[in-house]
Amino acid sequence: MDSDTIMEPMDLKVRELLKEVQLDYSSATTKLVDDTVSAIKQAIDTIPEDLKVTADFAPQFVRDIGADKVEFNFKKPKLFEIGGSYSIRCVAKPDVDIDLFVRLPKECFHEKDYLNHRYHAKRFLYLCIIKKYLNSSSFIRKVEWSTLQNEARKPVLVVYPAMELAEVPGLSVRIIPTATSLFSILKLNLKRNNVCSLKQDESTPQATPKYNSSILEDMFLEDNAEFVKRTFLGWKELGEALILLKVWARQRSSIYAYDCLNGFLISVIMSYLATDSGRNLINNSMKPMQIFRVTLDFIATSKLWNTGLYFKSQSLLNISKEELLERKQYLRLFPVVISESLAHFNLAFRITGGGFLELQDEAVLTLSCIGKCKDGGFEELFMTKIDYPAKYDYCMRLNLKGNSDVYALGFCLDEECWRSFEQKVHFLLCQGLSDRAKFIRVSWKNATSECNVENGLSIFDREPLLIGISVSSLEKAFRVVDVGPNAEHKDEALKFRKFWGEKAELRRFKDGMIAESTVWESKQWERHTIIKRITEYLLLRHLSLSERNIVHIVDQLDFSLVNGVGDSISFSGSLLEAFEVLSKRLHLLKDIPLKVSSVQPLDSAFRFTSVFPPEPHPLANEKSAVPRLNKLTSTCIQPLEVMIQLEGSGNWPMDDVAIEKTKSAFLLRIGESLQNNWGMICTATEENVDVFMSGYAFRLRILHERGLSLLNRQNGSNQLKHISSVDKELFTRGQHSSMINGLQGCYPIYGPVVRLAKRWVASHLFSACLVEEAVELLVAYLFLKPLPFYVPCSRISGFLRFLRLLSEYDWNFSALVVDINSDLSPSDEKEINENFTSSRKGYEENAQNVNPAMFLATAYDKASEAWTRFSPNSSELRRLVAYARSSANLLTKLILGGQIDSYKWECLFRTPLNNYDAVILLHREKMPYPQRLLFPSEMNQGKHVAQGNASKAFHPFLLPEHMKGNSPDLKDTLLVDFDPLRCFIGDLEAKFPNAFKLWYDSLGGDAIGMMWERSSSKKRGRSEENEEEKDPVNVLKAVGEVGKGFVRSIYLLKSPRLRN
């Protein structure tokens, strides 16, 4: 596709985005900024000259930082200057932070104050005095502490003006001290040790490059800001590109961080590319989006990162040997180097190796979005939140508050103790997970606005340490055995044993090799917890953490898939084996008029997406099998639909009713043949034939050959008119089933994500609104179109993305196209677009009557008729979106820092019953599978209008007296496809058409929500209103009568009149 075609709609959207996020430098805004800066200056001017400043102003901070000789006489700052984004007109809303540089006076420092954190202590004490006087200014609302790039030893002051502007809510001024020409640069050379307590051994001092860089940063702050300012001022396109890059980076919390990227570093990289140093890769003729792409392409692919970025275009021939050695020294010490040519200071000294790899990876993914996604990837680039919970397959939190081991050696040496601990955790997990993990991100954000830094550095452990793990592949992540060094390699084997401790064991493998190994025995359906077990073991062993301080987000939602005592997905293997046997036997049948040509499973249990795949039932076996009954043997069994296709024949009748009767005759003959040949038990009704074998009930359906022809000729909807509705449905379900089955084969985690999604939909009573096939397609979209992410490799991250897709997709103006096998041609896409446009023609007149409200298009259903034609309608979809948004926000909060107890996680599946007009509670002991009920429902509000006793006619489990009977009698008690909830809903809809809307959970819920339907005619006469419609209590009592024996209680919350 031509790039110009892609960029046109992209350019329009970018223009709108820039209007939204660019700061309007109006007279009101500039006046507010100028007045706030003036108020700060005036407050500082009131500080007495030569005020004696001692450690007593912040004794705990000075003690924690390990500084001595910190007394000085206060002098006024030498310079006040606005820097940062505001000075180059590149502020990106909503964060309106104005950087105010305050140059520290040389008279307050001694020439050796670069030693032992004296500079940092004095810098902080200087700010303490300023804060004290700012608090007394009437022009300032509040003053808070923050830190410069999360560095605890370098706090900054955040000043909020008393006056607030609606255009710039939350505007603040950050007071950042600078230290221009304060110390000799040579004394802060990378090789020097400036923290005396830090030694390699008893006599050899250890170099302190990070500490030295921390001071150099303040010394070069003004110069670097001036260089960026010279590059950006007057270059509108460059400024707009910077704003776009900031918006892009802010959406990606793993890279817009203290140890990776910030607005200043983005502007530095762009300045490099816009000058001779970067070969002028950015020039004046470029548009903002072109500059955006060039910058990201440079970040993603440039080989210059291997040698470092150096400003000023000097060839290597002009650089002395000493300078070359200095550059090499930088590359050994820092993963990323951005410096001026003389290599005095590395602007990127905080960037870690892991952080930079993630930055490059995000840049690659973004470029991929631009090339592959709709409208040049605008939504994916700028509007999609790529945070830890959605990005990483596994998230962990380490709660380290009060853990003295973190700062046992001191809060600040060369690096701060929190950064050292991050590196320790990162190294440990990299070594332990090896090739299981593609990326491991460890981040400990220390500063919060409530921090009172004067009280010392121990407050910086309040936030949990966050770990994100992206797995390399599911095959590696779910691996049970890790093979270590060969037993013959003694030194390596010893290291392996020391690292793994009691988990290390010597094993002989099938190829005869004897090697060290670790084994993580797990059942097949529990292998998603292997990474959790590995990481927890390592953290407990090497960091002496307690289990309660380690929160690993991996299996917190598994409770929702438990059927009784375990996950019934474990029986899927026996189900597929039983189906294979049935399929072979059907193909072998010879005593039927037409042979079976193909057998296809239709039920979601066969494709691993059923929330509760059936467990083998002891009574659903061949005649000869003797059942073994346990105490809780169910009286119900779910039938599993199987589609049969027969050989072609010209003798079929032409009438639809006659065709269905002929199918029934065929099915009866097939059932008879299975009984005669293999002793299989078959039961028949007019509509169905059920075959019992190996503990399962298979329901046979025949696709007529006229429906079969659709498989070969899909040339438009005209053919569908000649196909009976039964065959249409079977054909569509067959197509869907085979596609989803193929997708599940490619992505094993797809099934668990779908199961969680279906459980969520049902638990919030949306079973009538969103059929299970629609849920499968929504989740399939996440796997087929994962950008700007990778394909999800964990059930929780996949589930979160499902909730966000549901809540954030533009259903009104966009069709969701799920192209599972990449079958759709340009003409198919055109047809889908036309169908979608046609469905939205009446939107402007009446948004309520848009059908389908959720347009899901596939290769077999280009008009979204199969699964969402009538539901959800517009109002149901709005409700679904609101619930999904609420659940997504809660899940995000739980992953990032929520409570450890299970109740909060359960809230994702607990639905509020006060959002309905009336609520029906059912007798849970009369549900066919009571063990599937997540949370028993109770009501403590509304008017209690009806109550009923439980029927004695049905029991979900075989009673003791049934157990004494013989096998044939027992099998007669088995109820196939019995669902009292479905029957009750059907009876209500038949008796009270258009009276109310019912919301229910088809997977085992014991509550039904009711909402009164609005009257279709505003001029309905009184004569048309019967007594029941006048009094909702009578309606609800009648509802109770319909469900007598099944309904426990009915509550009225809102009457129809109040609602209308």
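Visitor: Why is strand S10 (residues 394-398) described as largely enclosed by the rest of the structure?
Guide: Strands are DSSP runs of E with at least two residues, helices are runs of H or I with at least four, and both are numbered from the N terminus. Buried means under 20% relative accessible area, exposed means over 50%, and partly exposed lies in between (1.4 Å probe, protein chains only). S10 is largely enclosed because its buried residues number 5 of the 5.

Visitor: What kind of model is this?
Guide: Residues are numbered from 1 along each chain as its sequence is written, and side-chain values use heavy atoms, with hydrogens and water left out. Local features need pLDDT of at least 70, side-chain atom pairs count only at pLDDT 80 or more, and totals for chains, interfaces and linings use all residues, the model being predicted.

Visitor: Which residues of S10 point the other way from Tyr394, Met396 and Leu398?
Guide: Tyr394, Met396 and Leu398 share one direction, and the residues on both sides are buried. Pointing the other way are Cys395 and Arg397.

Visitor: Which residue in strand S16 (residues 550-553) stands opposite Leu398?
Guide: Two strands pair if DSSP finds at least two bridges between them. S10 pairs antiparallel with strand S12 (residues 465-471) over 5 bridges, and there Met396 stands opposite Ile467. S10 also runs antiparallel to S16, joined by 4 bridges. In S16, the residue opposite Leu398 is Ile550.

Visitor: In what order do the 5 strands of the open sheet lie?
Guide: The pairing in this sheet is antiparallel. Strand S28 (943-947) and strand S30 (996-1000) are its edges, each pairing on one side only. The order is S28-S32-S27-S31-S30.

Visitor: What angle does helix H32 (residues 1032-1042) make with strand S32 (1047-1052)?
Guide: Contact means heavy atoms within 4.5 Å, and H32 packs on the sheet, touching S27, S28, S30, S31 and S32. Axes are lines fitted to C-alpha atoms, for helices over the stretch in contact, and angles run from 0 to 180 degrees between N-to-C directions. The direction of H32 makes with that of S32 an angle of about 165°.

Visitor: Which residue is the bridge partner of Phe996 in S31?
Guide: S30 and strand S31 (residues 1007-1012) run antiparallel and are joined by 5 bridges. In S31, the partner of Phe996 is Trp1012.

Visitor: How many residues of helix H22 (residues 750-763) are buried?
Guide: H22 reaches 20 Å from its first C-alpha to its last, close to the 20 Å expected, where the expected span is 1.5 Å times one less than the number of residues. Leu765, which follows H22, has a positive phi near 65°. H22 is largely enclosed by the rest of the structure because its buried residues number 14 of the 14.

Visitor: Which helix gives the most residues to the largest nonpolar core?
Guide: A nonpolar core is a set of buried Ala, Val, Leu, Ile, Met, Phe, Trp, Tyr and Cys residues joined through side-chain atoms within 4.5 Å. The largest has 263 residues, and Ile338, Phe382, Trp760 and Phe802 touch the most other members. With 10 residues, the helix that gives the most is H5.

Visitor: Which residue's backbone oxygen does the side chain of Ser568 reach?
Guide: Ser568 lies in the loop between strand S18 (566-567) and helix H18 (572-588), and counts as buried at 0% relative accessibility. Its side chain reaches, at 3.3 Å, the backbone oxygen of Pro613.

Methods
A polar contact is a pair of N or O atoms within 3.5 Å; within protein, one must be able to donate a hydrogen and the other to accept it, and residues adjacent in sequence count only if both atoms are side-chain atoms.
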